[in-house]
Amino acid sequence: MSSPLRFLLMIIRMRLRSLSSLVMRALTTGSLAVLPSLLSAQRGVPRTSPPAPESEVYLVPLTVRGDTVTAGVPANLTRRPGYDNQPAFARDGRSLFYTSNRGDGHTDIYRYDLSTGLSLPVRRTNPESEYSAFPATDGRAITVIRVEADSTQRLWQLPLDGAEPRVLFPDIKPVGYFAQPNDSTWALFVLGTPATLQLAYHGRGTGTVIARDIGRSLYRIPGTNRVSFVQKGAQPWRVMQLDPDTRRVDTLVALPGRSEDVVWMDSTTLLVGSGSTLHVWKRGTTAWQRVADFGFAHLTNITRLAVSPNRQWLAMVADATPRPSVPVNTSAAARHVDRIDPTSVQRHIDILAADSMDGRMTGSRGMERAARYLEAQYRAAGLEPAGDSGTYRQHIPLRLAQGPASAPGRTRPAPVASWAAWDSLPAEQRLRTQHIEGVLSRRGPCTEQ
């Protein structure tokens, strides 16, 4: 079978369930340069509201045009058994913190490197466990909820350079969630019957109760020193706004159903997950608008959310729904005839042609997204990497050149003779693209017998 035909057959066989953590594996070309610093993730500790064991952290590309928000295809970043939750983008935009329990009863903060796909613990702290990582302003530490050896649950700061951790408010416990509206003020969700929202200040040992019977969504509103929280206790639940300076509380919007996991895209735009759907609300309106339904990707129970400050990425936690089993055709004809599912073919075409791919121009974010999508399909199909350094990518050096005389001021990609010549170019002129290459091994799961 010729290589081009093998490639076509592999693409046709894929299903969306094959999406994997590849979306983050190759942000080193176009996307990493524009991926910004973090917007805090939805935070919480599992003893207050444990997710289902099937929950995973997914990454979703976002496209914003005016007041319209569209979402791309979710990719699973934590495809493994166990507890993975509470994503938060690092301030340098190059990694993602999340909470993980690897089955030993102990929970640590892990850091997922966006350029390599490598996931490592920030620090092993047994017997203590940490949840809800939130990078400090200077990027040198993370603030966490630490469950101490005696089960005390308090707010701690964990330096990234290995220095000793320190508790921020020794006398306020048990803390479940938190937000920081300014350098000296913290908004804390304190567990109890009912749970309370408290304001705490550096140098003061106790907190001031502001509200009772609140939900777990607690955020600083971007670009302000105000905090949003979810008020429960009556129907419907509502998103509230707190000014910590005046302690004034205002109602913003009622939540759909019993959803409570929200995140701010900017100071005027709020996202919420509800079942398999994602909804957006804008200040000045009263209704939520649906952004996406991830039922096509077999996801539901969308909960903890995080958005990058440039609004290009959404990290979310969701459950994978069981898929119906497909009867296996064991006839002689079936063993020698490729089965083509028109619905699956159309789905892949729609994904690669979607607006979120931005036209797939060379050197663009859309090209990078398309490349990552194809890598995922290769990996799931059992193709062996045939690119550089054990990857699916054969990188090609390019430079940014002036366009034709008919289009003054425009630039275009141009070939470079060698990587040595590429290294000698000014950084702003360097581009690169890639072939996505895989080999169909006779040991692979799709090999015809």
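In the predicted model, the side chain of His-106 reaches the backbone nitrogen of Asn-126 at a distance of 3.4 Å. A polar contact of 3.0 Å additionally joins the side chains of His-106 and Asp-108. His-106 itself lies in the loop between β5 and β6, the latter strand spanning residues 107-113, and this histidine is buried, with a relative accessible area of 8%. When residues up to four places away in sequence are set aside, His-106 touches Ser-100 and Asn-101, together with Thr-125, Asn-126, Pro-127, Glu-128 and Ser-129. Of these contacts, the one with Glu-128 links positions that are 22 residues apart in sequence, with a C-alpha to C-alpha separation of 7.6 Å.

The strands that flank this loop belong to an open sheet of 4 strands, arranged in the order β4-β5-β6-β7 with antiparallel pairing. Because β4 (83-89) and β7 (119-121) each have a single partner strand, they stand at the edges of the sheet, and one side of each is left without a neighbour in it. Neighbouring strands of this sheet are turned against each other by 30° on average, direction ignored. Between β4 and β5 (residues 95-101), which run antiparallel, there are 5 bridges, and in this part of the sheet Asp-84 stands opposite Ser-100 of β5. Ser-100 is also one of the residues touched by His-106, and this serine therefore has a place both in the pairing with β4 and in the surroundings of the buried histidine.

The largest nonpolar core comprises 34 residues, and those with the most contacts inside it are Leu-255, Leu-270, Leu-271, Phe-294, Leu-314 and Met-316. At least two residues of this core are supplied by each of β1 (56-65), β19 (248-254), β20 (262-266), β21 (269-274), β22 (277-282), β23 (289-293), β25 (305-307) and β26 (313-320). Of these contributors, β20 gives the most, with 4 residues. The surroundings of Phe-294 can be described in detail: beyond residues up to four places away in sequence, this phenylalanine touches Val-60, Ala-71, Gly-72, Pro-74, Ser-276, Leu-278, Leu-299, Ile-302 and Met-316. Met-316, listed among these partners, is likewise one of the core residues with the most contacts. In soluble globular proteins, nonpolar side chains tend to be buried together.

A further buried position is Thr-185, which has a relative accessible area of 4% and is placed in strand β13 (residues 185-190). Not counting residues up to four places away in sequence, Thr-185 touches Gln-180, Leu-199, Ala-200, Tyr-201 and Pro-244. The loop between β13 and β14 (196-201) contains Pro-194, which is joined to Thr-193 by a cis peptide bond with omega at about 0°. A cis peptide bond also joins Gln-235 and Pro-236, with omega at about -5°, and Pro-236 lies in the loop between β17 and β18 (238-243).

Two non-glycine residues with positive phi values deserve mention. Phi of Arg-247, a residue in the loop between β18 and β19, is near 65°, and the arginine is partly exposed, with a relative accessible area of 38%. Phi of Asn-301 is near 55°; this asparagine is found in the loop between β24 (299-300) and β25 and is partly exposed as well, at a relative accessible area of 35%.

Taken as a whole, the protein has a secondary structure of 6 helices and 31 strands, and 51% of its 449 residues count as buried. Among contacts between residues at least 6 apart in sequence, 49% join residues at least 24 apart. The average pLDDT of the protein is 79, and 79% of the residues score at least 70. Confidence is highest in strand β17 (residues 227-231), at 97, and lowest in helix α2 (residues 31-34), where the mean is 33. Over residues 1-53 the pLDDT is below 50, although this stretch has 198 contacts in the model beyond near neighbours in sequence. For residues 443-449 the pLDDT is also below 50, and the corresponding number of contacts is 15. Where pLDDT is low, the predicted coordinates should not be read in detail.

How values were computed: Residues are numbered from 1 along each chain as its sequence is written. This is a predicted model: local features need pLDDT of at least 70, side-chain atom pairs count only at pLDDT 80 or more; totals for chains, interfaces and linings use all residues. Side-chain values use heavy atoms; hydrogens and water are left out. A nonpolar core is a set of buried Ala, Val, Leu, Ile, Met, Phe, Trp, Tyr and Cys residues joined through side-chain atoms within 4.5 Å. Buried means under 20% relative accessible area, exposed over 50%, partly exposed in between (1.4 Å probe, protein chains only). Contact means heavy atoms within 4.5 Å. Two strands pair if DSSP finds at least two bridges between them. Axes are lines fitted to C-alpha atoms, for helices over the stretch in contact, and angles run from 0 to 180 degrees between N-to-C directions. pLDDT is the predictor's confidence in each residue, from 0 to 100. A polar contact is a pair of N or O atoms within 3.5 Å; within protein, one must be able to donate a hydrogen and the other to accept it, and residues adjacent in sequence count only if both atoms are side-chain atoms.
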